[in-house]
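Work through the exercises below with the sequence and the 3D view at hand. Try each task before reading its solution.

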Amino acid sequence: MKKPRQNPSGPEKALLESQQRFERMANTIPVMLYDSMITPEGTSRFLYVAPGPCREILELDPDALLKDMSLVWEIVHPDDLTRFYEADIVANQTGKEFWSEVRIIPPSGRLKWLLVNSKPVSYTHLPLPTKRI
């Protein structure tokens with residue numbers, strides 16, 4: 001990644017300040033912000049995960065999650081996995097808002113309940129997911 005200049009100015013400074021403000025907000029609200037996409041192969045991957053909440057809520061390393069989205073599916077409670085996965089597929093196929101309560105078992109082993117809410121964004125040039133990552 002390109003290292004920022006020591007003393008940015010003008011638009012570069014404004015962009016840097018905006019990025020810092022976003023990161024500060026994303027890491028202090030009690031939800032995990034994320035952005036994901038469906039690859040041309042039909043699988044999903046994260047483009048962004050808020051680092052603080054990712055560690056606190058999911059107990060996962062954000063860099064690892066960016067490299068391997070399957071880590072999130074691995075911590076979903078086995079009894080919720082099929083329902084959660086199918087709801088995700090329907091949301092991506094219809095473009096409708098996604099709401100699902102799901103249990104996770106993160107690395108600590110402590111059962112957690114999550115309310116997952118997202119709204120798919122249409123990328124018409126990419127296929128819809130057909131398989132779990």
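The exercises that follow concern a predicted model.

**Exercise 1. The chain as a whole**

Task: State how many helices and strands the chain has, and in which order they come along the sequence.

Solution.
- Step 1. Count the elements: there are five helices and four strands.
- Step 2. Read along the sequence, and the pattern is α-β-β-α-α-α-α-β-β.
- Step 3. Turn to burial: of the 133 residues in the chain, 34% are buried.
- Step 4. Look at contacts between residues at least 6 apart in sequence; 45% of them join residues at least 24 apart.
- Step 5. Add the surface: the accessible surface of the chain is about 9,100 Å², and carbon and sulfur atoms account for 56% of that.

**Exercise 2. The length and buried face of helix 5**

Task: Work out what span helix 5 should have at 1.5 Å a residue, and compare this with the distance between its end C-alpha atoms. Then find where its buried residues lie around the axis.

Solution.
- Step 1. Helix 5 covers residues 78–94, which is 17 residues.
- Step 2. The expected span is 1.5 Å times one less than the number of residues, which gives 24 Å for helix 5.
- Step 3. The end C-alpha atoms of helix 5 are 25 Å apart, which agrees with the expected span.
- Step 4. List the buried residues of helix 5: Asp-80, Leu-81, Phe-84, Tyr-85, Asp-88, Ile-89, Ala-91 and Asn-92.
- Step 5. Viewed down the axis, these buried residues fall within an arc of 165°, so they line one face of helix 5.
- Step 6. The buried residues of helix 5 pack against strand 1, helix 4 (70–74), strand 3 (98–104) and strand 4 (112–118).
- Step 7. Just after helix 5 comes Gly-95, with a positive phi of about 80°.

**Exercise 3. Helix 2 and the residue after it**

Task: Find which residues of helix 2 are buried, and say what is notable about the phi of Glu-59.

Solution.
- Step 1. Helix 2 spans residues 51–58, and its buried residues are Pro-53, Cys-54 and Leu-58.
- Step 2. Seen down the axis of helix 2, the buried residues fall within an arc of 105°, so they line one face.
- Step 3. Glu-59 follows helix 2 and sits in the loop between helix 2 and helix 3 (62–67).
- Step 4. Recall the general rule: most residues other than glycine have a negative phi.
- Step 5. Glu-59 is not a glycine, yet its phi is positive, about 60°.

**Exercise 4. Salt bridges**

Task: The structure holds three salt bridges. Name the partners of Glu-59 and Asp-80, and decide which of these residues are buried or partly exposed.

Solution.
- Step 1. Begin with the principle: side chains of opposite charge can pair when their charged atoms come close.
- Step 2. Glu-59 forms a salt bridge with Lys-112, at 3.0 Å from N to O. The pair links distant parts of the chain, because Glu-59 is in the loop between helix 2 and helix 3 and Lys-112 is in strand 4, 53 residues apart.
- Step 3. Apply the cut-off: buried means under 20% relative accessible area, and partly exposed lies between that and the exposed class, over 50%. Glu-59, at 23%, is therefore partly exposed, whereas Lys-112, at 11%, is buried.
- Step 4. Asp-80 meets Arg-83 in a salt bridge of 3.6 Å, N to O. The two are three residues apart in helix 5, so about one helical turn separates them.
- Step 5. Asp-80 is buried because its relative accessible area is 4%, while Arg-83 is partly exposed at 40%.
- Step 6. Asp-80 also meets Arg-103, at 2.8 Å from N to O. Asp-80 lies in helix 5 and Arg-103 in strand 3, so this pair ties together parts 23 residues apart in sequence.
- Step 7. Arg-103 has 18% relative accessibility and therefore counts as buried.
- Step 8. Through shared partners, salt bridges join Asp-80, Arg-83 and Arg-103 into one network.

**Exercise 5. A nonpolar surface patch**

Task: Identify the residues of the nonpolar patch on the surface, and locate Leu-33.

Solution.
- Step 1. The patch consists of Ile-29, Val-31 and Leu-33, which together have about 200 Å² of accessible area.
- Step 2. Leu-33 is in the loop between helix 1 (10–26) and strand 1 (34–38).
- Step 3. With a relative accessible area of 32%, Leu-33 is partly exposed.

Technical notes. Residues are numbered from 1 along each chain as its sequence is written. This is a predicted model: local features need pLDDT of at least 70, side-chain atom pairs count only at pLDDT 80 or more; totals for chains, interfaces and linings use all residues. Side-chain values use heavy atoms; hydrogens and water are left out. Patches are made of residues with over 30% relative accessible area and no salt bridge: like charges are joined within 9 Å, nonpolar side chains (Val, Leu, Ile, Met, Phe, Trp, Tyr) within 5 Å. Accessible areas come from the Shrake-Rupley method with a 1.4 Å probe; for residues, only the protein chains shown count as cover. A salt bridge is a side-chain nitrogen of Lys or Arg within 4 Å of a carboxyl oxygen of Asp or Glu. Buried means under 20% relative accessible area, exposed over 50%, partly exposed in between (1.4 Å probe, protein chains only). The arc is that of the directions from the helix axis to the C-beta atoms. Contact means heavy atoms within 4.5 Å.
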